[in-house]
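Colleague: Mind if I fire some questions at you about this one? I'm new to reading structures, so keep it simple.

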Amino acid sequence: MISYKDSGVNIEEGYKSVKLMKEYTSKTITPAVLNGIGSFAGMYELGQYNNPVLVSGTDGVGTKLKIAFEMNKYDTIGIDCVAMCVNDILCHGAKPLFFLDYIACGKLNGETAAEIVKGVSEGCIQAGSALIGGETAEMPGFYSEGEYDIAGFAVGVVEKDKIIDGSTIKEGDSLIGISSSGVHSNGYSLVRKLIQDLSIDLNGKNIGEVLLTPTKIYVKPVLSLLEKFNIKGMAHITGGGFYENIPRMFKDNLNAVIYKNSFPMPDIFKYMKNQGLDEKEMFNTFNMGIGFVLCVNKEDEEEIIKVLIEMGERAYKIGHVENGEGKVVIQ
């Protein structure tokens, strides 16, 4: 007799991983969640809104996972997965409500899967979002043993009349940058080509650990700003760096002028630049130390930066908007 386990799928290990995961997922549950992990679907009560618009986003972690495999460290990549989704929907003024994850592997290790979900749960707590469901797929022969992939899906809500779409951005507006925590979760195919020895010391820190620093989640400080200020546009600096992401928040007849010396470049980017990377290529690939950009009225810039600093963020005026052709000019 041949069993499912003989074919490479261990159902008992799956049960074990779910049991371990519940310890973490339970910490993310809010009163709006109507059922627990283990149901066929997650239920979330929308609550009281006048004209709610649901805003959704999905993403993964990319080849940053390869660093996690080599470092045998899995408790932070879940934060990355949440961050990549919730920071995107935040750009339109949406408050993240709930999150679902999908983990795929060749051979399931319950402890490893639970470590990944531990990170997902931590990311949800940072975002004020509930983890209401997920899937762990064991696929022998499809993924190499010991390798995982993770993707996530976030849903948020915003009142229709408070959607941020960049339509009011004009020449003379200011661009404020909020610092990143490091490389975040894009550009790792290039990173891994440049850095193959993860034991390198980078100013007293192991470079592998530096590269696994989780993506910063901007939800709570930015939602707080939205209650007090007129934020005209927002951009999450992910794949495509400055050149691709900043123009996504305004019309094609405007340019973003970025002052490249207005904010500090983290050591990890300095290291990669010293390996021979062209600066324009870096601004076209990485966040360079700025993970989130706000477009605001010039008269509000100083107060917004002050409030962000009071909230513990590092924020800078990094540029302005001028008439143009829908591109980024770095000077």
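What follows is a chat about how the chain is divided and about a few of its residues.

Colleague: First things first, what kind of model is this, and into which domains is the protein chain divided?
Modeller: Keep in mind that this is a predicted model. As for the split, the protein chain is divided into domain 1 (4-159) and domain 2 (173-330).

Colleague: What area is buried between domain 1 and domain 2?
Modeller: Start with who touches whom: 29 residues of domain 1 are in contact with 27 residues of domain 2. The centres of the two domains, taken over C-alpha atoms, are 25 Å apart. Interface size is often given as the accessible area lost when the parts come together. Here carbon and sulfur atoms give 71% of the buried area, and the total is about 2,400 Å².

Colleague: Which three residues of domain 1 supply more of the area it buries against domain 2 than any other three?
Modeller: Here you look at the area that domain 1 buries against domain 2, and the top trio supplies 25% of it. Those three are Lys-64, Ile-67 and Leu-90.

Colleague: How many residue pairs are in polar contact between domain 1 and domain 2?
Modeller: Let's get salt bridges out of the way: the rule finds 0 of them across this interface. Polar contacts are another story, with both residues needing pLDDT 80 or more to be counted. That count comes to 11 residue pairs.

Colleague: Which element gives the largest share of the side of domain 1 that touches domain 2?
Modeller: The elements that each supply at least two residues to that side are α2 (64-71), α3 (77-90), β2 (95-105) and α4 (110-127). The residues of that side divide into 15 nonpolar, 7 polar and 7 charged. The largest share is 9 residues, and it comes from α3.

Colleague: Now for Ser-180: which side chain does its own side chain join in a polar contact of 2.8 Å?
Modeller: Ser-180 sits in the loop between β5 (174-179) and α5 (188-194). Its relative accessibility is 4%, below the 20% cut-off, so Ser-180 counts as buried. The Ser-180 side chain reaches the backbone oxygen of Gly-182 at 3.2 Å. The side-chain partner at 2.8 Å, though, is Asn-287.

Colleague: And Thr-28, is it buried or exposed?
Modeller: You'll find Thr-28 in the loop between α1 (11-25) and β1 (52-60). Its side chain reaches the backbone nitrogen of Leu-131 at 2.9 Å. Leaving aside neighbours within four places in sequence, Thr-28 is in contact with residues including Ser-121, Cys-124 and Ile-125. The relative accessible area of Thr-28 is 4%, and under 20% means buried, so Thr-28 is buried.

Colleague: Why is helix α7 largely enclosed by the rest of the structure?
Modeller: Go through the helix, residues 219-226, one by one. Among the buried ones are Val-219, Pro-221 and Val-222. α7 is largely enclosed because the buried residues number 6 of the 8.

Colleague: Last one: what distance separates the C-alpha atoms of Gly-146 and Val-293?
Modeller: Gly-146 has its place in the loop between β3 (130-138) and β4 (148-159). At 35% relative accessibility, Gly-146 counts as partly exposed. Leaving aside neighbours within four places in sequence, Gly-146 is in contact with Phe-69 and Tyr-74. Val-293 is 147 residues from Gly-146 along the chain, and their C-alpha atoms are separated by 37 Å.

Conventions. Residues numbered from 1 in each chain as written. Predicted model: local features only at pLDDT ≥ 70, side-chain atom pairs only at ≥ 80, totals over all residues. Heavy atoms only, no water. Helix = DSSP H or I, 4+ residues; strand = E, 2+ residues; numbered from the N terminus. Buried < 20%, exposed > 50% of the residue type's maximum accessible area, 1.4 Å probe, protein only. Polar contact = N/O pair within 3.5 Å; in protein donor to acceptor, adjacent residues only side chain to side chain. Domains from an automatic or database assignment. Contact = heavy atoms within 4.5 Å. Buried area = accessible area lost by both parts, 1.4 Å probe. Salt bridge = Lys/Arg side-chain N within 4 Å of Asp/Glu carboxyl O. Nonpolar A, V, L, I, M, F, W, Y, C, P; charged D, E, K, R; others polar.
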